[in-house]
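Here are my notes on the model, as numbered points. Please read them with the structure open.

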Amino acid sequence: MPSSQDALVTKAKGEDSFQILVEPENESLPLMETNTCKTEASEPWDYVLVVNRHTERERRDVYLEFLENLKGKGFQCEVKDDQKKMFCGIRAESRILDLYCALLLEPEDQPPTKRLSPIPPTTRIRIVHFVLKNTTAAGDTLGDLIKKGVFEANFPLHNEEGDLKTKWARWRNMFQKQPIDDIRCYFGEKVALYFAWLGWYTYMLVPAALFGLITFLSGFSLFNASQISKEICEAHDIFMCPRDDHSRRYQRLSDTCTFAKLTHLFDNEGTVVFAIFMALWATVFLEIWKRQRAKVVLHWNLYGWDEDQEEMALQLINDPHYKLQRHEHSYLRSTIILILSLFMICFLIGMAHILVVYRVLAAALFSSSAVPFLEEQVTTAVVVTGALVHYVTITIMTMANKRVALKLCDFEKPRTLSEQESKFTIKFFTLQFFAHFSSLIYIAFILGRINGHPGKSVRLAGLWKLEECHLSGCMMDLFLQMAIIMGLKQTLSNCIEYLKPWLAYRCRSIPGWESSDPELRDWKHNYHLNPVHTFSLFDEFMEMMMQYGFTTIFVAAFPLAPLLALFSNLVQIRLDAIKMVRLQRRLVPRKAKDIGTWLQVLKTIGVLAVIANGMVIAFTSEFIPRVVYKYRYGPCREGAHPAVDCLTGYVNHSLSVFYTKDFNDSVRIKGSEHITECRYRDYRNAQDHNFSEQFWVLLAIRLAFLILFEHVALCIKLVAAWFVPDVPQKVKNTVLEKKYQRLRDKYQRLQKMCSSPKSTTV
């Protein structure tokens, strides 16, 4: 007779099923499914396969063979006939579910005496999906059979989602707390962790959005008081050199008065403080998220869950003769993937150069336009249309990047689905980063810096003059590009993301013949919902990663980015909820105890943000030139004068002189007969047009500032990461107490066994 301390797996008489006996205590078993979710009273159908009713006989034979193979593995099938489709409901027999629990019991836990509570629906669906995916017929897997048209669709069924519809998947609940535990019980831990992370990210955006808004509004307080803006607005006698080849005319510097004032809204002294704050914010956000995740995972009894062990258990359920697939690494395969990835990155950088070509050609076109506004605001028109072209390019390249990343991932032959997702994440994010940010990098650090000077301009193919920065500075170009792309991604993309599945569902749900069988009606309703795929949740994560990149990288040029992200996320949470619950088929529940590789992506973005913002402040903004002028060249270089602004004369100092007689065709320029010199943004000598002493002084100080800023910001990040523990002490102590209690109980059992009197015979 087995001891009460032994884990029992008994076979019921007359039944081909297993019974698992566990301890009465509510102790967490690290590798075993613990049911804290509501379970269904009856045995529902978990999965449905759809077949065309008029399919060819050969395909029908394969379909029947597939179902027979499923039955042989311990699954029940029931076919319901519709006018055009055949729906096959699938569920696992109890012995399969019991076997799953038996395989995941830790031997040293020795739990006996009480039958396991019913298996939650998420686990049943996960088991059925895994076995379906790995079952074959005529040598083809389910995925191959769908491609060949044997099956039309396969999906888990929505069931008892009413609570989520009323409490979560409604626009009116936008400002209410998310029911994370209910999400976990219905969609699994992976989806629940996504929404937990998204909710925490949105909550943490509040201080960042407020700080960015204050930084932006502080510029309003100096809208008319800025000394630089005053000098520009009063510079009626300063003429800027012609900027293009078509509408060649001198432009008064005072004409840029409005743009100069607008530039001061985001290019002021508060920008540096805000950039350092965002570096600290990104670190604190990640560190506190780790703490939040640890609390949630402990609450779900998944702190010691092992993904590899569950994968192997599912493999054994599917095939008792399964052989372990070991970790492998091929240097040749890795080298090929690296070369192909670099080639794709170069292609994406080349796409950014195509945008440069567009901007050059658009500038030439708008300069000769018959529309007066386009002719006068060439740079603004080029920046706006260039941003629109960039957005369209991003949309197209996202689809191409996903295909390339999948092909590279398949070539690498990952061992498990989790490993495949991790490798795919790294490749896809890398390609997406270059697709989204190559153009911004060009505008921030290259635009206007390789153009030469008036009289000797660098030309594209020797014909078209390269585009210049806006007359008010390159920060205006970067600000407009960021604002347009973020605005479109947060509005247009969200509208398409909602309207496309909504319209598709409405079209498929046109009333027709209705069956009298309520179960079949429910299956048809699920069939008409929008299909999902393995990477449906992945796409949501990637969208948020790109938004996080826009919110942190180049935030020094666009302080309103966190505010836009905050508003977008409030909508995004409910949008994703409505899609998943009301418009899409049910996602296959996946178990997880963290957000996986995405955490490393967030850390990488945080480091890139420090580098990018430091370079924007050092090389793109006017912060360094203003500070250097104030303390080296301006009227306050020998001490402050209360009656004089320290930036008096800065505009004249920052503009180089070019004599109009040095133009090769000065007679063709409008108004040249009355103008002897024009100005342009650079630090060059008027005689030989070489870089002046001020240029080299500024370059040295810019580099010194960049090094200092990055080291200070990175040190702050490291200190913050050290100061905030990843796991709360309460969570550590709870886990420690459980381990201690388990060992103490085992010790006491062993003591009783050793101290019990031995039986003797006379």
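1. Start with one cysteine pair. Cys241 and Cys678 are both buried. The two form a disulfide, with 2.0 Å between their sulfur atoms. The torsion about this S-S bond is about 90°, so the link is right-handed. Cys241 sits in the loop between β10 (239-240) and β11 (251-252), while Cys678 belongs to strand β17 (residues 677-681), so the disulfide ties together parts that are 437 residues apart in sequence. Bear in mind throughout that this is a predicted model.

2. How many disulfides are there by the distance rule? The count comes to three. The remaining pairs are taken up in the next two points.

3. Cys233 and Cys257 form a disulfide, and their sulfur atoms are 1.8 Å apart. This link is right-handed, with 80° about the S-S bond. Cys233 is in helix α8 (residues 227-233) and Cys257 in helix α9 (residues 257-266), and the pair, 24 residues apart, links distant parts of the chain. Are these two cysteines buried or exposed? Cys233 has a relative accessible area of 17%, under the 20% cut-off, so it is buried. Cys257 is also under that cut-off, at 15%, and therefore buried.

4. Cys636 and Cys646 form a disulfide with sulfur atoms 2.1 Å apart. Here the handedness is left, with -90° about the S-S bond. Both Cys636 and Cys646 lie in the loop between α21 (623-633) and α22 (650-654), 10 residues apart. Cys636 has a relative accessible area of 8%, so it counts as buried.

5. Two other cysteines deserve a look. Cys409 is buried, because its relative accessibility is 0% and buried means under 20%. Why does Cys715 count as partly exposed? Its relative accessible area is 43%, which falls between the 20% and 50% limits.

6. Turn to the surface. Which residues form the nonpolar patch? They are Leu332, Ile336, Leu340 and Phe411, which together have about 360 Å² of accessible area. Helix α12 (residues 331-367) gives the largest share of this patch, three residues. Phe411 lies in helix α14 (residues 378-412). Phe411 is partly exposed because its relative accessible area, 36%, is between 20% and 50%. That value is also over the 30% that patch membership requires.

7. Helix α12 also holds Gly350. With a relative accessibility of 26%, Gly350 is partly exposed. Where does Ser438 come in? The C-alpha atoms of Gly350 and Ser438 are separated by 9.1 Å, although the two residues are 88 residues apart along the chain.

8. Last, the second largest pocket. About 1,400 Å³ of space lies in it. Its lining has 41 residues, and Lys402, Glu497, Lys500, Asp539 and Glu543 lie nearest the centre. Which elements give two or more residues to this lining? They are α14, α15 (417-445), α16 (474-508), α18 (536-552) and α19 (561-583). Helix α14 thus appears here as a lining element, and Phe411 of the nonpolar patch lies in that helix.

Note on methods
Residues are numbered from 1 along each chain as its sequence is written. This is a predicted model: local features need pLDDT of at least 70, side-chain atom pairs count only at pLDDT 80 or more; totals for chains, interfaces and linings use all residues. Side-chain values use heavy atoms; hydrogens and water are left out. Patches are made of residues with over 30% relative accessible area and no salt bridge: like charges are joined within 9 Å, nonpolar side chains (Val, Leu, Ile, Met, Phe, Trp, Tyr) within 5 Å. Accessible areas come from the Shrake-Rupley method with a 1.4 Å probe; for residues, only the protein chains shown count as cover. A salt bridge is a side-chain nitrogen of Lys or Arg within 4 Å of a carboxyl oxygen of Asp or Glu. Helices (H or I, at least four residues) and strands (E, at least two) are DSSP runs, numbered from the N terminus. Buried means under 20% relative accessible area, exposed over 50%, partly exposed in between (1.4 Å probe, protein chains only). A disulfide is a pair of cysteine sulfur atoms within 2.5 Å. On a 1 Å grid over the protein atoms alone, a cavity is a set of points where a 1.4 Å probe fits but cannot get out, and a pocket is an open set with protein on both sides within 12 Å along at least five of seven lines; lining residues have an atom within 4 Å of a point. Grid points are joined across faces, edges and corners, and a volume is the space filled by probe spheres set on the points.
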